[in-house]
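Thanks for coming. I will take a few minutes to go through one structure, starting with the overall picture and ending with some single residues.

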Amino acid sequence: MATKDINNQSVDELKQHLLDLRKEQFNLRMQKGSGQLTQPHQLRRVRRDIARTKFVLGGKK
């Protein structure tokens with residue numbers, strides 16, 4: 001998700017988005033551990049999306 005899209009969300013929406021991203025990250029890590037991960041670039045994308053979301057959340061507090 002782009003930073004400008006994240007900036008337009010409310011704090012509650014950002015918290016929910018962060019929770020969804022963490023669940024996705026967990027699922028991807030489990031797939032990697034079991035050898036089923038076919039798109040390893042997804043781990044990097046999710047990790048960066050989490051960082052973007054946390055950055056915007058910190059700025060809104």
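Before the first number, one term: two residues are in contact when they have heavy atoms within 4.5 Å of each other. With that in hand, look at the contacts in the protein chain with a separation of 6 or more: 66% of them are accounted for by residues 24 or more positions apart.

What you have on the screen is a predicted model. How confident is the predictor? The mean pLDDT of the protein chain is 93, and 100% of the residues reach 70 or more. Broken down by element, helix H1, residues 3-7, has the lowest mean pLDDT, at 85, while H2 has the highest, at 96.

Now the overall layout. The protein chain contains three helices and zero strands. Read from the N terminus, the order of elements is α-α-α. The C-alpha trace spans about 40 × 15 × 15 Å along its principal axes. There are 61 residues in the protein chain, and 28% of them count as buried. The accessible surface adds up to about 4,600 Å², with 51% of that belonging to carbon and sulfur atoms.

Next, the inside. As background, nonpolar side chains in soluble globular proteins tend to be buried together. Here the largest nonpolar core has eleven residues, and they are Ile6, Leu14, Leu18, Leu21, Leu28, Leu37, Leu43, Val46, Ile50, Val56 and Leu57. Two elements give two or more residues to this core, namely helix H2, residues 11-34, and helix H3, residues 41-60. Of the elements, H3 gives the most, with five residues.

Pick one core member, Leu37. Setting aside residues up to four places away in sequence, Leu37 touches Leu28, Gln31, Lys32 and Leu43. Two of these partners, Leu28 and Leu43, are themselves listed in the core.

A residue to view alongside the core is Thr53, which sits in helix H3. Is Thr53 buried or exposed? Thr53 counts as buried, because its relative accessibility is 0%. Not counting residues up to four places away in sequence, Thr53 touches Ile6, Leu14, His17, Leu18 and Leu21. Of those partners, Ile6, Leu14, Leu18 and Leu21 belong to the core.

On to the charged side chains. How many salt bridges does a search of the whole structure find? The search finds three.

Let me take them in turn. One salt bridge is between Glu24 and Arg45, where the closest N and O atoms are 2.6 Å apart. Glu24 is in helix H2 and Arg45 is in helix H3, so this pair ties together parts that are 21 residues apart in sequence. Glu24 counts as partly exposed, at 30% relative accessibility. Arg45 is partly exposed too, with a relative accessible area of 33%.

Arg45 also forms a salt bridge with Asp49, with 3.3 Å between the closest N and O atoms. These two are four residues apart in helix H3, so about one helical turn separates them. Asp49, at 4% relative accessibility, counts as buried.

Asp49 in turn meets Arg52 in a salt bridge, at 2.6 Å from N to O. Both lie in helix H3, three residues apart, which is about one turn of the helix. Arg52 is partly exposed, with a relative accessible area of 32%. Through shared partners, the salt bridges join Glu24, Arg45, Asp49 and Arg52 into one network.

Last, the start of the chain. Asn7 lies in helix H1 and counts as partly exposed, at 40% relative accessibility. Leaving aside neighbours within four places in sequence, Asn7 is in contact with Val56 and Lys60. Asn7 can also be set against Gly59: the two are 52 residues apart in sequence, and their C-alpha atoms are 9.6 Å apart in space.

A little further on is Gln9, found in the loop between H1 and H2. Gln9 has a relative accessible area of 18% and is buried, since the cut-off for buried is under 20%. Which residues does Gln9 contact, leaving aside neighbours within four places in sequence? They are Met1, Leu14, His17 and Lys60. Lys60 is therefore a residue to look for twice, as a contact of Asn7 and as a contact of Gln9, with contact again meaning heavy atoms within 4.5 Å.

That is the tour. I am happy to go back to any part of it.

How values were computed
Residues numbered from 1 in each chain as written. Predicted model: local features only at pLDDT ≥ 70, side-chain atom pairs only at ≥ 80, totals over all residues. Heavy atoms only, no water. Core = buried A, V, L, I, M, F, W, Y, C linked by side-chain atoms within 4.5 Å. Buried < 20%, exposed > 50% of the residue type's maximum accessible area, 1.4 Å probe, protein only. pLDDT = per-residue confidence, 0-100. Salt bridge = Lys/Arg side-chain N within 4 Å of Asp/Glu carboxyl O. Areas by Shrake-Rupley, 256 points an atom, 1.4 Å probe, with all protein chains shown as cover.
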